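I opened the notebook for a fresh model today. The plan is to start with the overall fold and then go through the charged pairs.

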Amino acid sequence: MPADPLRVAVHGAAGRMGIRLIQLMAEASDLVLAAAVDRGDHPRLGEDAGEVAGVGRLGVRLAAGLTEPVDVAIDFSTPAASLGFAETCADRSIALVVGTTGYEPEQRRTLEMYAARIPMLISANFSRAVNLLMRLTAEAARILGDAADIEIVERHHRFKKDAPSGTALRLAEIAAQAIGREQLVYGRRGQVGERPRGEIGVHALRTGDNPGEHTVVFGLMGECLELSHRALNRDGFCRGALEAARFLAGRPARLYTMDDLLDATG
Ligand code: NAD
């Protein structure tokens, strides 16, 4: 007999990511939308979340809080909102997948504290290909070392609130660890002088409806290596977040990463 579908709550359910998650979940037989949460003043509060997502009635109302029993929750909202939601999940022992980006260091520490009480997987990027890009970036930075000038360029849609993207910051951190330096510079302007060795440049472009592009440039004397990922839509992120929800349900409380998921699922 097939197992009961996993009951999933989506926080930020009326947002770009929330809507696509609900659409993809409607096609999955092992997952069921059990709760859809968004901000208290959202104009569509009280409407059926399936109708908000354009997949027809699902019998779950868009609500301002989580009251239904669920097995796992997925958050794509804002840093401040996700902290309150993480506390609710910790109080109710609900596994939590966090995709929100743009945390201040203090907010990030608070979020991670809840992982002492529940299984929690936080990732600035749920795409498998982007996580491979992260591994390739570490390898390239290690091999090219000081010979290369490393610059990271990201592009996102005009509605994105944080810059640079969480993924660009993670790529910079990975490259910095690999070369043993941490001297990040965010854009350049004016008489900045010659580029210091070991500096890592991070640059954020905001254009149209771009769902996300990241390029890591390794510039050497006489040649250049570029590692690039381009999202064509949000599906890679959403499918990865759903995989993370499946992976997390029933695991012991601790902080998990995409590496744990990729190592477990190949
Ligand atoms: P969005 O603005 O379209 O959606 C955010 C949703 O959160 C909105 O519906 C908004 O009403 C809701 N919200 C705001 N305040 C709230 C509150 N107090 N309580 C409950 N809900 C609240 O944004 P988006 O494009 O869907 O992105 C959401 C987040 O996910 C961003 O931080 C973005 O950078 C991140 N993101 C991560 C990945 C990844 O793979 N990890 C991919 C894409 C986007």
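How many helices and strands are there in the protein? I counted eight helices and twelve strands. I keep in mind that this is a predicted model.

**Entry: overall dimensions**

I looked up the radius of gyration next. The protein has 20 Å, which agrees with the value near 18 Å for a compact globule of 266 residues. I then checked the box around the C-alpha atoms. Along the principal axes, the box is roughly 60 × 35 × 35 Å.

**Entry: burial, surface and contacts**

I asked for the buried share. Of the 266 residues, 48% count as buried. The accessible surface is about 13,200 Å². Carbon and sulfur atoms hold 50% of that surface. For contacts, I took pairs of residues at least 6 apart in sequence. Of these contacts, 69% join residues at least 24 apart.

**Entry: charges**

I listed 31 positive and 35 negative charges. Their mean positions lie 2 Å apart. Side chains of opposite charge can pair when their charged atoms come close. I therefore searched for pairs, and the structure holds 26 salt bridges.

**Entry: Asp 149 and Arg 195**

I picked out the salt bridge between the side chains of Asp 149 and Arg 195, with N to O at 3.5 Å. Asp 149 sits in strand β7 (residues 149–156), and Arg 195 sits in the loop between β8 (183–186) and β9 (199–206), so the pair ties together parts 46 residues apart in sequence. Are these two residues buried or exposed? Neither: Asp 149 is partly exposed at 24% relative accessibility. Arg 195 is also partly exposed, at 24%.

**Entry: Arg 188 and Glu 151**

I went on to the salt bridge of Arg 188 with Glu 151. Its closest N and O atoms are 2.6 Å apart. Arg 188 is in the loop between β8 and β9 and Glu 151 is in strand β7, so this pair ties together parts 37 residues apart in sequence. Arg 188 counts as partly exposed, with 36% relative accessibility. Glu 151 counts as buried, because its 14% is under the 20% cut-off.

**Entry: the network**

Which residues are linked with these pairs in a network of salt bridges? I found Asp 149, Glu 151, Arg 188, Arg 195, Arg 197 and Glu 199.

**Entry: Asp 162 and Lys 160**

I closed with one further pair. The side chains of Asp 162 and Lys 160 form a salt bridge at 3.0 Å, N to O. Asp 162 counts as buried, at 17% relative accessibility.

Notes. Residues are numbered from 1 along each chain as its sequence is written. This is a predicted model: local features need pLDDT of at least 70, side-chain atom pairs count only at pLDDT 80 or more; totals for chains, interfaces and linings use all residues. Side-chain values use heavy atoms; hydrogens and water are left out. Helices (H or I, at least four residues) and strands (E, at least two) are DSSP runs, numbered from the N terminus. The radius of gyration is taken over C-alpha atoms; the globule rule is 2.2 Å times the number of residues to the power 0.38. Buried means under 20% relative accessible area, exposed over 50%, partly exposed in between (1.4 Å probe, protein chains only). Contact means heavy atoms within 4.5 Å. Accessible areas come from the Shrake-Rupley method with a 1.4 Å probe; for residues, only the protein chains shown count as cover. Lys and Arg count as positive and Asp and Glu as negative; His and the chain ends are not counted. The place of a charge is taken as NZ of Lys, CZ of Arg, CG of Asp or CD of Glu. A salt bridge is a side-chain nitrogen of Lys or Arg within 4 Å of a carboxyl oxygen of Asp or Glu.
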